[in-house]
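Work through the following exercises with the model open beside you, and try each task before reading its solution.

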Amino acid sequence: MTHFSFELTHRDAGSLARRGVFVTPHGPVQTPGFMPVGTQGTVKGVTIDQVAATGAHMILGNTYHLALRPGHETVRKLGGLHGMTRWEGPILTDSGGFQVFSLDAINHVDEEAATFRSHLDGSIVRLTPEHSIEIQESLGSDVAMVLDHVVALPAEKDIVQDAMERSIRWARRCLESATRDDQAKFAIVQGGLDVELRIQCARELAAMDFEGFAVGGLSVGEPPTEMYRITEATTPELPENKPRYLMGVGTPVDLIESVARGIDLFDCVMPTRNGRNGLAFTDSGSIKLRNAVHREDTSPLQESCPCIACRHSRGYLRHLFHAKEMLGPILLSIHNLTYYQQVMAETRAAIEQNRFNQYVAEKKQGWGIDA
Ligand SMILES: [Zn+2]
């Protein structure tokens, strides 16, 4: 019996955008969809009920952080991520590979494992593909990501190719070591900014029995046009009938540009991280709430936004930030998460109505981005 299915319910007539439903043991995920990031078993500053109220279907947990603290055995004893957090919807966990890369904690990758230094106590940890899956099985997420070898860009082709080929071998080891059939495994396409390598990687992974596929190693500082070029070259090589996830992306315009190139799922810290720093996303672009121009502004962040932050004026929200009240970052995180979910809901509707390109043009005009 399979616990997972992915049904494409509509394809946009003018782009590669797809409308679908990804069914997991903890319920369906409407795609295209955005996953808020809950690094430490919490979407920072936001309760699970508030996360659900933003319209999120699925959230993400970080294997690296949870394995170091409180430890995956502790999470398992607390009922897994679902039991511990009481989030009742689907959860995806990453493999730890990207965190090791992005925290610059890595000191060695060999064929067997990634070896790194814990940012908590400095101890040496060796993460093998098998160990990453074992940890994610203890966390009990609905979707486990394979351990991949991420390299900093730009890099020489032989370095990118070596890491890409290792990522394929590690993906197979993850698949072979997995024991839970109620946990989907997603492979990760690597290959840097090299289209040939990306296509080769996508084809080799697509031949294996994964429930979904991710495009990884992007959004690491390259220009957005490069990310779009690689995404566009990769998605046609992936199975039509499996979900496609662009990892760690991005701004609202990155999301819709990538949907137009055939991506179904996203995650990013942007709405919450920016929210904590006083930056709000709106239909007229992003707003720096600390600026003096908002001092006596009685309007909400976004007219017609249903979130609890938008009951308040920009002037009040600005005051909360200047007074260093914790409610400011909380409210802005909620607003930004709600805004991202609104964009995804509008995206799904626009695809169903075959007017996705028009929708993209309208949004970009509002955000002040040239077509
Ligand atoms: Zn709002």
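Helices (H or I, at least four residues) and strands (E, at least two) are taken here as DSSP runs, numbered from the N terminus. Residues are numbered from 1 along each chain as its sequence is written. The model is predicted, and local features need pLDDT of at least 70, side-chain atom pairs count only at pLDDT 80 or more, while totals for chains, interfaces and linings use all residues.

**Exercise 1.** Locate the residues that UniProt lists for "active site", and decide whether each is buried or exposed.

Solution. The unreviewed UniProt entry lists Asp94 and Asp267 under this name; such positions are given in the numbering used here, with feature names shortened, and annotations may be inferred rather than shown by experiment. They span 174 residues in sequence, yet no two of their C-alpha atoms are more than 10.5 Å apart, so they gather at one spot.

Next, place each one: Asp94 sits in the loop between strand 6 (91-93) and helix 5 (97-102), whereas Asp267 belongs to strand 14 (residues 265-268).

For burial, count the other C-beta atoms, placed from the backbone, within 10 Å of the residue's own (buried at 20 or more, exposed at 12 or fewer, partly exposed in between). Asp94 has 31 and is therefore buried; Asp267 has 23 and is likewise buried.

Finally, list contacts, meaning residue pairs whose C-beta atoms, placed from the backbone, lie within 7 Å. Leaving out residues up to four places away in sequence, Asp94 touches Leu60, Asn62, Thr63 and Met145; with neighbours within four places set aside, Asp267 is in contact with Met35, Val37, Leu60, Met247 and Gly248.

**Exercise 2.** Describe how strand 8 and strand 9 are joined, and which residues of strand 8 point to the buried face.

Solution. Two strands pair if DSSP finds at least two bridges between them; strand 8 and strand 9 (residues 124-127) run antiparallel and are joined by 4 bridges. One bridge partnership is that of Thr115 with Arg126 in strand 9. The two strands form a hairpin with 6 residues between them, and Gly122 in the turn has a positive phi of about 80°.

In a regular strand the side chains alternate between the two faces of the sheet. Along strand 8 (residues 114-117), Ala114 and Phe116 point to one face and are buried, while Thr115 and Arg117 point to the other and are not.

**Exercise 3.** Characterise the surroundings of Gly221.

Solution. Gly221 lies in the loop between strand 12 (212-215) and helix 9 (224-234). Because Gly221 has 9 C-beta neighbours inside 10 Å, it counts as exposed. The C-alpha atoms of Gly221 and Leu153 are separated by 7.9 Å, although these residues are 68 apart along the chain.

Notes: Two residues are in contact if their C-beta atoms, placed from the backbone, lie within 7 Å.
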